[in-house]
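Me: I would like to go through this model step by step, with each term explained when it comes up. Please look at the structure before the questions begin.

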Amino acid sequence: MERLADERIQRFLATREVVVLATVQPDGSPLAMPVWFLHRSDDLIMISEADTQKIRNIRRDPRVCVAADGGSLAGIQGVIVQGWAEFLPASAQRLEFVHALLEKYHPELARLWGGNAMPPNRVMFRIVPTRVRSWGLAPT
């Protein structure tokens, strides 16, 4: 069984700027949206505007799937993370994640936020994996 902490998965995710987050719509259909993220060995951290359909979906049903892909004609690479989303309250740890996101997406995120603080209309959440799968990644 693969884990998010696997070195080749962590190495691959470090090369991605955007992943696709799929949430469950009220009628059961999927909604897939590109999102910025941080990867850690046990979860993925994401931010979004609070008043979006994906956030309403997560509040109603926290089951999610995240896809990260890449590659070329020589081969496709990717990681799928199935799990559930958990909102992160204001805390010292969340502030650390804000700084890490600002560093990863510098200077675009600070420009969008109008500074170095997460605006009050944003939420931060983490994806806790229940299943991780990968394909085509370079061996460790």
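Me: Leaving aside its neighbours within four places in sequence, which residues is Met124 in contact with?
Reply: This is a predicted model, in which local features need pLDDT of at least 70 and side-chain atom pairs count only at pLDDT 80 or more, while totals for chains, interfaces and linings use all residues. Residues are numbered from 1 along each chain as its sequence is written, and side-chain values use heavy atoms, with hydrogens and water left out. Contact means heavy atoms within 4.5 Å. With neighbours within four places in sequence set aside, the partners of Met124 are Ile45, Met46, Ile47, Phe87, Leu88, Arg94, Phe97, Val98, Leu101 and Met118.

Me: Which strand gives the largest share of the largest nonpolar core?
Reply: A nonpolar core is a set of buried Ala, Val, Leu, Ile, Met, Phe, Trp, Tyr and Cys residues joined through side-chain atoms within 4.5 Å, where buried means under 20% relative accessible area, exposed over 50% and partly exposed in between, with a 1.4 Å probe and protein chains only. The largest one here has 37 residues, and those with the most contacts inside it are Leu21, Leu44, Met46, Met124, Phe125 and Ile127. Its largest share, five residues, comes from strand S6 (residues 122–135), strands being DSSP runs of E with at least two residues and helices runs of H or I with at least four, numbered from the N terminus. The strand asked for is S6.

Me: Is Leu13 buried or exposed?
Reply: Leu13 lies in helix H1 (residues 7–13), and, apart from neighbours within four places in sequence, Leu13 is in contact with Leu4, Phe37, His39, Leu44 and Ala68. Because its relative accessibility is 3%, Leu13 counts as buried.

Me: What is the angle between the planes of Trp36 and Tyr105?
Reply: Rings of Phe, Tyr and Trp (its six-membered ring) pair if their centres lie within 6.5 Å, and planes under 30 degrees apart count as stacked, over 60 as edge-to-face and the rest as tilted. By this rule the count comes to two aromatic pairs. Trp36 and Tyr105 form a stacked one, 4.4 Å centre to centre, which links strand S2 with the loop between H3 and H4, 69 residues apart. The angle between their planes is 10°.

Me: Why does Trp36 count as partly exposed, and what is the relative accessible area of Tyr105?
Reply: Trp36 counts as partly exposed because its relative accessibility is 25%. Tyr105, by contrast, is buried, and its relative accessible area is 6%.

Me: Where does Pro107 lie, and is the peptide bond from His106 to Pro107 cis or trans?
Reply: Pro107 is in the loop between helix H3 (92–104) and helix H4 (108–113). Most peptide bonds are trans. The bond from His106 to Pro107, with omega near -5°, is cis.

Me: How far apart in space are Gln82 and Arg131, C-alpha to C-alpha?
Reply: Gln82 is found in strand S5 (residues 75–87) and is partly exposed, with a relative accessible area of 27%. Its contacts beyond four places in sequence include Val128, Pro129, Thr130 and Arg131. Although Gln82 and Arg131 are 49 residues apart in sequence, their C-alpha atoms are separated by 5.1 Å.
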